[in-house]
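Open the model in your viewer and keep the selection tool handy. We'll go from whole chain to helix to cysteines, one stop at a time.

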Amino acid sequence: MAAPGYPTWVTRWVSGQWRNKKRPPTLRPPRILALADQVANRREQLREATCITEMSVMMACWKQNDFNDTPCAEEIRMFYDCVAKAQKERENQNEDTLSSRGNLPSSKVNKLLKRFPQITHYV
Amino acid sequence: SRHSTALGYSPASLVPCRIMPVRWSRYNPSYLEPDVKKESYQKPLEELTEEEREQMELKAVRPIKAAPPTLSSSVFSDPMISKFTNMMMKSGNKVLARSLMSQTLEAIKRKQLEKYHRAPENEKETIECNPYVIFHQALKNCQPIVGLSNITKGGKTYQVPVPLTDNRKRFLAMKWLITECRENKHRRMMMPEKLSQELLLAFNNEGPIIKRKHVLHKMAEGNRAYAHFRWW
């Protein structure tokens with residue numbers, strides 16, 4: 001059969017072939033009319049870089065103090081704190097919840113869909 | 001062959017693998033890490049918090065992994081010094097590396113004591129004589145704060161300033177120290193002498209390793225415009 005799921009006579013009847021009113025075939029389901037168990041792979045939107053402000057503040061302080069670490073201790077501490085916070089957030093966030101932008105990457109969606117597959121036949 | 005298996009742990013009943021995993025552990029996940037600190041066992045039961053009590057009870061039930069030979073409960077053992085000794089070791093000659101390390105610490109102590117005895121009374125308190133303190137402070141001064149990583153964007157590779165993890169910082173400091181002492185010394189100078197020299201210079205924020213760190217920082221500062229190419 002050309003179209004899956006539909007016997008050939010259905011396609012020929014709908015196309016008006018037997019009534020002398022040929023029209024372009026309106027029934028052209030290319031695939032099975034059922035939801036697939038996976039989503040197309042989409043390129044995941046890149047996240048932004050973290051701690052850029054702290055890094056730039058620290059580098060400005062370095063430029064002023066000839067790259068000595070002792071006068072810039074406060075800025076360096078703030079930078080380290082920011083980095084630790086970002087690291088912790090990234091570890092906590094990477095579960096089966098929505099990302100910060102409110103969408104789920106295609107890999108996670110596919111994992112969920114595989115757990116509940118579409119039933120396409122009777123047993 | 002010594003290639004790693006697909007699973008870190010595979011129960012012997014399912015897969016009789018004759019392949020030894022190279023870097024992954026073959027212990028059952030229920031095995032706990034050994035705790036060698038004497039203080040954790042000398043505390044009376046009442047002083048422990050809830051979590052520590054649970055941890056103690058868990059240790060009574062679960063099996064414990066074998067302690068590696070480098071793990072020691074002695075007061076003289078220091079994990080940083082052990083790591084540094086391992087990095088200095090060549091072709092498994094731990095005896096030589098350890099003796100070099102102890103000679104280095106002795107050399108530092110001798111130099112500082114000489115300085116101490118020569119100094120006038122008011123300056124004597126400022127001189128640090130403990131070689132372990134000097135070693136730790138010198139390594140801390142040598143650690144870089146940001147590193148550069150290669151990120152390819154639009155066909156071109158850029159050097160992007162990136163925050164480093166603690167392990168990476170420690171590793172870089174130790175690596176720089178060792179390479180500096182191996183390459184830039186006189187043919188007949190002994191390693192402990194050169195190492196003690198470099199450690200004392202790094203303790204005072206001078207010397208070639210601190211300079212190398214500053215060069216890295218300058219490159220990172222020069223490339224700070226590319227910092228947005230990072231995605232983590």
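What percentage of the 123 residues of chain A count as buried? The figure is 18%, where buried means under 20% relative accessible area, exposed means over 50%, and partly exposed is in between (1.4 Å probe, protein chains only).

Some housekeeping before you click. This is a predicted model, in which local features need pLDDT of at least 70 and side-chain atom pairs count only at pLDDT 80 or more, while totals for chains, interfaces and linings use all residues. Residues are numbered from 1 along each chain as its sequence is written, chains are lettered from A and ligands numbered from 1 in the order in which they are written, and side-chain values use heavy atoms, with hydrogens and water left out.

**Stop 1: all of chain A**

Select chain A and show it as a cartoon. You'll find four helices and zero strands, so called because helices (H or I, at least four residues) and strands (E, at least two) are DSSP runs, numbered from the N terminus. Reading from the N terminus, the order is α-α-α-α.

Now zoom out. The C-alpha atoms fill a box of roughly 90 × 35 × 20 Å along the principal axes. The radius of gyration of chain A is 29 Å, against near 14 Å for a compact globule of 123 residues; that radius is taken over C-alpha atoms, and the globule rule is 2.2 Å times the number of residues to the power 0.38. Among contacts in chain A with a separation of 6 or more, 52% are between residues 24 or more positions apart, a contact being heavy atoms within 4.5 Å.

**Stop 2: helix α3 of chain A**

Select residues 73–93 of chain A. At 1.5 Å a residue, the 21 residues of this helix should span 30 Å, and its end C-alpha atoms are indeed 30 Å apart. The expected span is 1.5 Å times one less than the number of residues.

Which residues of α3(A) are buried? Colour Ile76(A), Phe79(A), Cys82(A) and Ala86(A). Look down the axis of α3(A): these buried residues fall within an arc of 120°, so they line one face of the helix. The arc is that of the directions from the helix axis to the C-beta atoms. The general rule is that an α-helix has 3.6 residues a turn, so residues three or four places apart point the same way.

Spin to the other side of α3(A), and you meet Lys85(A), Lys88(A) and Glu91(A), which are exposed. Then spin back and show what covers the buried residues: the cover includes α2 (52–64) of chain A, along with β1 (146–153) and β2 (156–163) of chain B.

**Stop 3: the disulfides**

Show cysteine side chains as sticks. How many disulfides does a search of the whole structure find? It finds two over all chains, counting as a disulfide a pair of cysteine sulfur atoms within 2.5 Å.

Pick Cys51(A) and Cys82(A), whose sulfur atoms are 2.1 Å apart. This pair links distant parts of the chain: Cys51(A) sits in the loop between α1 (8–14) and α2, Cys82(A) in helix α3, and they are 31 residues apart. The torsion about their S-S bond is about -100°, so the disulfide is left-handed. Cys51(A) and Cys82(A) are both buried.

Next pick Cys61(A) and Cys72(A), joined with an S to S distance of 2.2 Å. Here Cys61(A) is in helix α2 and Cys72(A) in the loop between α2 and α3, eleven residues apart. With -100° about the S-S bond, this link is left-handed. Cys61(A) is buried at a relative accessible area of 8%, and Cys72(A) is buried at 0%. Counting bonded cysteines along chain A, the pattern is 1-4, 2-3.

Hop to chain B and select Cys142(B). Why is it not bonded to Cys181(B)? The sulfur of Cys142(B) is 9.7 Å from the one in Cys181(B), the closest cysteine sulfur, too far for a bond. Cys142(B) is buried, at 1% relative accessibility.

**Stop 4: the annotated span and the tail**

Select residues 51–84 of chain A, where UniProt places "domain: CHCH" in an unreviewed entry. UniProt positions are given in the numbering used here, feature names are shortened, and annotations may be inferred rather than shown by experiment. This span is 74% helix and 0% strand, with its end C-alpha atoms 10 Å apart.

Finish at Thr120(A), in the segment after α4 (106–115). Thr120(A) is exposed, with a relative accessible area of 57%. Draw a C-alpha to C-alpha distance from Thr120(A) to Ala84(A): they are 36 residues apart in sequence and 49 Å apart in space.
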